[in-house]
Amino acid sequence: MERFLLKAAVFLASAVAALALPSLILGEDFELKISGLITATVIFALAQSLLSPIIERQIEKRARAVVGGVGIISTFVALLITATLTEGLAIHGFGAWAGGTLLVWLITAIGVWILPGLFDRIGDKGDKGKAVDKPADTKD
């Protein structure tokens, strides 16, 4: 359960960064309202986590050549769902959709790759000085 919560925290943290940074880079064309940040993040993270495996299975069945693009495709669809269901995210124009999708995909991928290592290091520092139980079948 602890591992699941850690993975969820990592994914939500990377989703926040992935939605916030393109908003800063692309400006008004990729508009993320602070008032809708939490709702947009939760909807995006849920859509992304549910869509990725579904899209991957469908692409593997029908078009194996584009399997590498699953992340970008699921990111685009998750952004589309988020922009449609919330007022917290509004994307205007082809360039913002293309650039936003690429940036969100890239930032999420980097976050999911880097953040678990940071959390592991923080957890390791908290374990210093604690006694470690030895397995019962070993001798001193």
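Helices and strands here are runs of residues assigned by DSSP, with a helix holding at least four residues and a strand at least two, and both are numbered from the N terminus. With that in hand, here are the legends for this predicted model.

**Figure 1. The whole chain, read from its N terminus, follows the order α-β-α-α-β-α.** Start here to get your bearings. The protein chain contains 4 helices and 2 strands. It has 140 residues, and 26% of them count as buried. Now look at how the chain meets itself: among contacts between residues at least 6 apart in sequence, 72% join residues at least 24 apart.

**Figure 2. Helix 1 spans residues 2-26.** This helix has 25 residues and reaches 36 Å from its first C-alpha to its last, close to the 36 Å expected at 1.5 Å a residue. Which residues of helix 1 are buried? They are Val10, Ser14, Ala15, Ala18, Leu19, Pro22 and Ser23. While you look along the helix, a general point is handy: an α-helix has 3.6 residues a turn, so residues three or four places apart point the same way. Just after the helix comes Gly27, which has a positive phi, near 70°.

**Figure 3. Leu19 sits in helix 1 and is surrounded by contacts from elsewhere in the chain.** Is Leu19 buried or exposed? Its relative accessible area is 0%, so Leu19 is buried. Setting aside residues up to four places away in sequence, Leu19 touches Phe30, Leu32, Ala40, Thr41, Phe44, Leu79, Leu89 and Val104. Another residue to find in this view is Leu37, 18 residues from Leu19 in sequence and 8.4 Å from it in space, C-alpha to C-alpha.

**Figure 4. Leu37 belongs to helix 2.** Leu37 has a relative accessible area of 21% and is therefore partly exposed, because the buried class stops at under 20%. From here you can look across to Thr86, which is 49 residues from Leu37 along the chain. The C-alpha atoms of Leu37 and Thr86 are separated by 9.6 Å.

**Figure 5. Gln48, in helix 2, is a buried residue.** Gln48 shows a relative accessible area of 7%, so this side chain's residue counts as buried. What does Gln48 touch, not counting residues up to four places away in sequence? Its partners are Phe11, Gly71, Ser74, Thr75 and Ala78. Of these, Gly71 lies in helix 3. Seen from Gly71, and leaving aside neighbours within four places in sequence, the contacts are Gln48 and Trp105.

**Figure 6. Ile55 is another residue of helix 2.** With a relative accessibility of 14%, Ile55 counts as buried. Leaving aside neighbours within four places in sequence, Ile55 is in contact with Val70, Ile73, Ser74 and Val77. Two C-alpha distances help place Ile55. Ile73, 18 residues away along the chain, is at 7.9 Å. Gly71, 16 residues away along the chain, is at 8.9 Å.

**Figure 7. Phe76 and Trp97 form the 1 aromatic pair found in a search of the whole structure.** Their ring centres are 5.6 Å apart and their planes meet at 65°, so the pair is edge-to-face; the cut-off for that label is over 60 degrees. The pair links distant parts of the chain, with Phe76 in helix 3 and Trp97 in helix 4, 21 residues apart. How accessible are the two partners? Phe76 is partly exposed, with a relative accessible area of 35%, whereas Trp97 is buried at 18%.

**Figure 8. The largest pocket holds about 590 Å³ of space.** Of the 23 residues that line the pocket, Lys7, Ala8, Phe11, Ser49 and Val112 are the closest to its centre. Which helices supply at least two residues each to the lining? Helix 1, helix 2 (37-62), helix 3 (70-85) and helix 4 (94-127) each do. Helix 1 gives the most, with 8 residues. By residue type, the lining divides into 14 nonpolar, 6 polar and 3 charged.

Technical notes:
Residues are numbered from 1 along each chain as its sequence is written. This is a predicted model: local features need pLDDT of at least 70, side-chain atom pairs count only at pLDDT 80 or more; totals for chains, interfaces and linings use all residues. Side-chain values use heavy atoms; hydrogens and water are left out. The expected span of a helix is 1.5 Å times one less than its number of residues. Buried means under 20% relative accessible area, exposed over 50%, partly exposed in between (1.4 Å probe, protein chains only). Contact means heavy atoms within 4.5 Å. On a 1 Å grid over the protein atoms alone, a cavity is a set of points where a 1.4 Å probe fits but cannot get out, and a pocket is an open set with protein on both sides within 12 Å along at least five of seven lines; lining residues have an atom within 4 Å of a point. Grid points are joined across faces, edges and corners, and a volume is the space filled by probe spheres set on the points. Ala, Val, Leu, Ile, Met, Phe, Trp, Tyr, Cys and Pro count as nonpolar, Asp, Glu, Lys and Arg as charged, and the others, Gly among them, as polar. Rings of Phe, Tyr and Trp (its six-membered ring) pair if their centres lie within 6.5 Å; planes under 30 degrees apart count as stacked, over 60 as edge-to-face and the rest as tilted.
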